[in-house]
Amino acid sequence: MAITDRDIAGLDALETPLDTGRQSRGAALWAAAWPKLAAAGLGVGVWQAVVWTGWKPTYVLPGPVPVLRHLASDVADGSLLRSSLITLQRAALGFLFATLMGALVGSVVARVRVLRTAFGSLITGLQTMPSIAWFPLAILLFGLTERAIFFVVVLGAAPAIANGLIAGADHVPPLLLRAGRVLGARGITLYRHVVLPASLPWFVAGLKQGWAFAWRSLMAGELLVIIANKQSIGVRLQVARDLADAEALLATMVLILVIGIVVDAVVFGTLERAIRHRWGLVEQT
């Protein structure tokens, strides 16, 4: 029996997402935000319950209300914004350089078998190195300067990014590689048009892990390397500890946590959703 255009159209329709009606932007934002808000509310509730038990005096472990009041005061006078900008600038520069370095190293190591054998385990070993262990060397090389912080942030993030790209290249389905070769892709062309696109989810996972390492390295660096006239988030944390100001210390910790959540949701969440939509892993709404 001959297959008609109508039959083909019917088969294509099986892959077409059901039209369930588009969500409004506000509804979509609320659907994404309310679980995070609920989790935050639960965390605050547990925090307050611990304070109510009297486990520690309130001057050591204040409740969420005075801490959030202190945070709001810092926002109002602009000091929190200035500190955040200094820290985020360091984070962005370090992570950008680590991304370039990790992508370059990962691409080369993934393509050249000899380099993979020689340096694959070394990259993983560097990834497992605690960031704090790099600071004595960084301070010895660069002193108490911005370059010492930058050095550790890059070394903290780049190996994770490189490993993400290497893992992605290792998990490209052989069928895709054979299809690319049949279509005439060889060498760099095969890597650019087949391997790299297929590795993208793993690469984004490496970027996400690299950001986590970079952020932790930066916080450690700002606690150890204090630079005059640059009151970063880490400096605020150290000053609060020195003054035994529990409210300021916890307010700064809340800020660090919030920045991490926002970056994950806005930057990496957007990238992951775009990849899933591109690959047809979720229905368009």
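The following exchange asks how several descriptions of this predicted model follow from its computed values.

Me: What should be kept in mind about the numbering and the confidence limits?
Reply: Residues are numbered from 1 along each chain as its sequence is written, and side-chain values use heavy atoms, with hydrogens and water left out. This is a predicted model, in which local features need pLDDT of at least 70 and side-chain atom pairs count only at pLDDT 80 or more, while totals for chains, interfaces and linings use all residues.

Me: What makes up the chain, in terms of helices and strands?
Reply: Helices (DSSP runs of H or I, at least four residues) and strands (runs of E, at least two) are numbered from the N terminus. By that rule the chain has 11 helices and 0 strands, and its elements run α-α-α-α-α-α-α-α-α-α-α from the N terminus on. Contacts (heavy atoms within 4.5 Å) between residues at least 6 apart in sequence join, in 71% of cases, residues at least 24 apart.

Me: Why is the pair of F95 and W211 called edge-to-face?
Reply: Rings of Phe, Tyr and Trp (its six-membered ring) pair if their centres lie within 6.5 Å, and planes under 30 degrees apart count as stacked, over 60 as edge-to-face and the rest as tilted. For F95 and W211 the centres are 5.7 Å apart and the planes stand at 85°, so the pair meets the distance limit and falls in the edge-to-face class. This pair links F95 in helix 4 (residues 79-111) with W211 in helix 9 (residues 187-224), 116 residues apart.

Me: How do you know that F95 and F268 are also an aromatic pair, and which parts of the chain does the pair tie together?
Reply: The ring centres of F95 and F268 are 6.3 Å apart, with 85° between the planes, and the pair is edge-to-face. Because F95 lies in helix 4 and F268 in helix 11 (residues 246-278), the pair ties together parts that are 173 residues apart in sequence. Ring pairs link F95, W211, W215 and F268 into a cluster, and the whole structure holds 6 aromatic pairs.

Me: Why do F95 and F268 count as buried?
Reply: Buried means under 20% relative accessible area, exposed over 50% and partly exposed in between (1.4 Å probe, protein chains only). F95 has 15% relative accessibility and therefore counts as buried, and F268, at 3%, is likewise buried.

Me: What makes K230 and E146 a salt bridge?
Reply: A salt bridge is a side-chain nitrogen of Lys or Arg within 4 Å of a carboxyl oxygen of Asp or Glu. The closest N and O atoms of K230 and E146 are 2.9 Å apart, so the pair satisfies that limit. K230 lies in the loop between helix 9 and helix 10 (233-242) and E146 in helix 7 (residues 146-170), so the pair ties together parts that are 84 residues apart in sequence. K230 is partly exposed, with a relative accessible area of 35%, and E146 is partly exposed at 26%. R90, E146, E222 and K230 are linked in a network of salt bridges.

Me: Why is the charged end of K56 said to sit over the ring of W55?
Reply: A charge sits over a ring if NZ of Lys or CZ of Arg is within 6 Å of the ring centre and within 35 degrees of the ring normal. The charged end of K56 lies 5.3 Å from the centre of the W55 ring, so the distance part of the rule is met.
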